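Colleague: I have the sequence and the model open, and I would like to get to know one part of it properly rather than skim the whole thing. Could you pick a short stretch, look at it closely with me, and show how it connects to the rest?

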Amino acid sequence: MELRKQKRYKLSAPVLFMSALHDGEPQSGRGITRDINTFGVYVITDALPPVGARVQMEIALPKLTDTGSGMQLTCEGVVLRCESDDATKRGFAASAQFYPEMADVVLSQLKVSGKPI
């Protein structure tokens with residue numbers, strides 16, 4: 001049963017992230033997005049943050065149109081689940097609250113140009 005309220009868009013883009021539990025030492029990592037929507041993102045990475053950790057992410061988006069350059073999408077959220085079933089499928093899903101300066105533009109372009117998965 002599908003529980004998502006928003007369509008997901010397949011997107012492979014580099015991500016830098018920092019995570020920490022409430023009292024914990026901040027940890028950083030990098031990965032690649034698998035998919036994204038207006039409320040969350042899935043990141044493929046070997047540096048799995050713990051479930052419940054706050055996470056800040058910078059996603060380096062590719063060019064979505066023929067003109068201009070790629071954009072940086074910045075967000076923060078909470079790690080909702082981690083998957084580490086095998087070495088090739090390690091990653092985490094996180095809620096995401098995108099910082100508004102670029103999020104509306106980028107996400108609307110994804111809706112126009114991307115196919116939901």
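**A close look at strand β3**

Modeller: Happily! Let me begin with the chain overall: of its contacts with a separation of 6 or more, 60% are between residues 24 or more positions apart. Please keep in mind that this is a predicted model. The protein chain has 1 helix and 8 strands, in the order β-β-β-β-β-β-β-β-α along the sequence. Of its 117 residues, 32% are buried. The accessible surface is about 7400 Å², and carbon and sulfur atoms own 54% of that.

The stretch I would pick is in strand β3, residues 27-37. Let us walk through its neighbours Thr-33, Arg-34, Asp-35 and Ile-36, starting with Thr-33, which lies in this strand. Thr-33 has a relative accessible area of 1%, so it is buried. Which atom does its side chain meet? A polar atom of the Thr-33 side chain lies 2.5 Å from the backbone oxygen of Leu-11. Leaving aside residues up to four places away in sequence, Thr-33 touches Leu-11, Ser-12, Ala-13, Val-15, Val-41, Tyr-42, Val-43 and Ile-59.

Next along are the charged residues. The structure holds 5 salt bridges, and Asp-35, also in strand β3, takes part in one with Arg-8, where the closest N and O atoms are 3.4 Å apart. This pair ties together distant parts of the chain, since Arg-8 sits in the segment before β1 (9-10) and the partners are 27 residues apart. Are these two partners buried or exposed? Both Asp-35 and Arg-8 are buried. For Asp-35 the reasoning is short: its relative accessibility is 5%, and buried means under 20%, so Asp-35 counts as buried.

Asp-35 also meets the side chain of Arg-34 in a salt bridge, with 3.1 Å from N to O. The contact between these two side chains appears as a polar contact too, again at 3.1 Å. Arg-34 is partly exposed because its relative accessible area is 31%, which falls between the 20% and 50% cut-offs. So this salt bridge joins a partly exposed Arg-34 to a buried Asp-35. As a general point, side chains of opposite charge can pair when their charged atoms come close.

Away from β3, another salt bridge is worth a glance: Arg-81 and Glu-83 meet through their side chains at 3.2 Å, N to O. Arg-81, at 32% relative accessible area, is partly exposed, and Glu-83, at 25% relative accessibility, counts as partly exposed. Back in our stretch, shared partners join the salt bridges of Arg-8, Arg-34 and Asp-35 into one network.

That leaves Ile-36, which has 1% relative accessibility and therefore counts as buried. Where does it fit? The largest nonpolar core has 20 residues, and Ile-36 is among those with the most contacts inside it, along with Met-57, Ile-59 and Phe-92. Strands β2 (14-20), β4 (40-44), β5 (54-60), β6 (72-84) and β7 (90-95) each supply at least two residues of this core. In soluble globular proteins, nonpolar side chains tend to be buried together.

Ile-36 has a partner in Ile-59, whose contacts, apart from residues up to four places away, are Ala-13, Pro-14, Val-15, Thr-33, Ile-36, Val-41, Met-71, Gln-72, Leu-73 and Phe-98. Thr-33 and Ile-36 of our stretch are both on that list. Another link to a remote part of the sequence is Ala-94: its C-alpha atom is separated by 9.8 Å from that of Ile-36, although the two residues are 58 apart along the chain.

Ala-94 brings us to the strands around the core. Ala-94 in β7 stands opposite Val-79, and β6 and β7 pair in the antiparallel sense over 5 bridges. Strand β6 also pairs with β5, antiparallel, over 7 bridges; one pair there is Gln-56 with Glu-76. Finally, β6 is joined by 2 bridges to strand β8 (residues 97-98), running antiparallel, and Cys-75 stands opposite Phe-98 there. Phe-98 is one of the residues touched by Ile-59, which takes us back to the contact between Ile-59 and Ile-36.

Note on methods. Residues numbered from 1 in each chain as written. Predicted model: local features only at pLDDT ≥ 70, side-chain atom pairs only at ≥ 80, totals over all residues. Heavy atoms only, no water. Core = buried A, V, L, I, M, F, W, Y, C linked by side-chain atoms within 4.5 Å. Buried < 20%, exposed > 50% of the residue type's maximum accessible area, 1.4 Å probe, protein only. Helix = DSSP H or I, 4+ residues; strand = E, 2+ residues; numbered from the N terminus. Contact = heavy atoms within 4.5 Å. Areas by Shrake-Rupley, 256 points an atom, 1.4 Å probe, with all protein chains shown as cover. Salt bridge = Lys/Arg side-chain N within 4 Å of Asp/Glu carboxyl O. Pairing = 2+ DSSP bridges. Polar contact = N/O pair within 3.5 Å; in protein donor to acceptor, adjacent residues only side chain to side chain.
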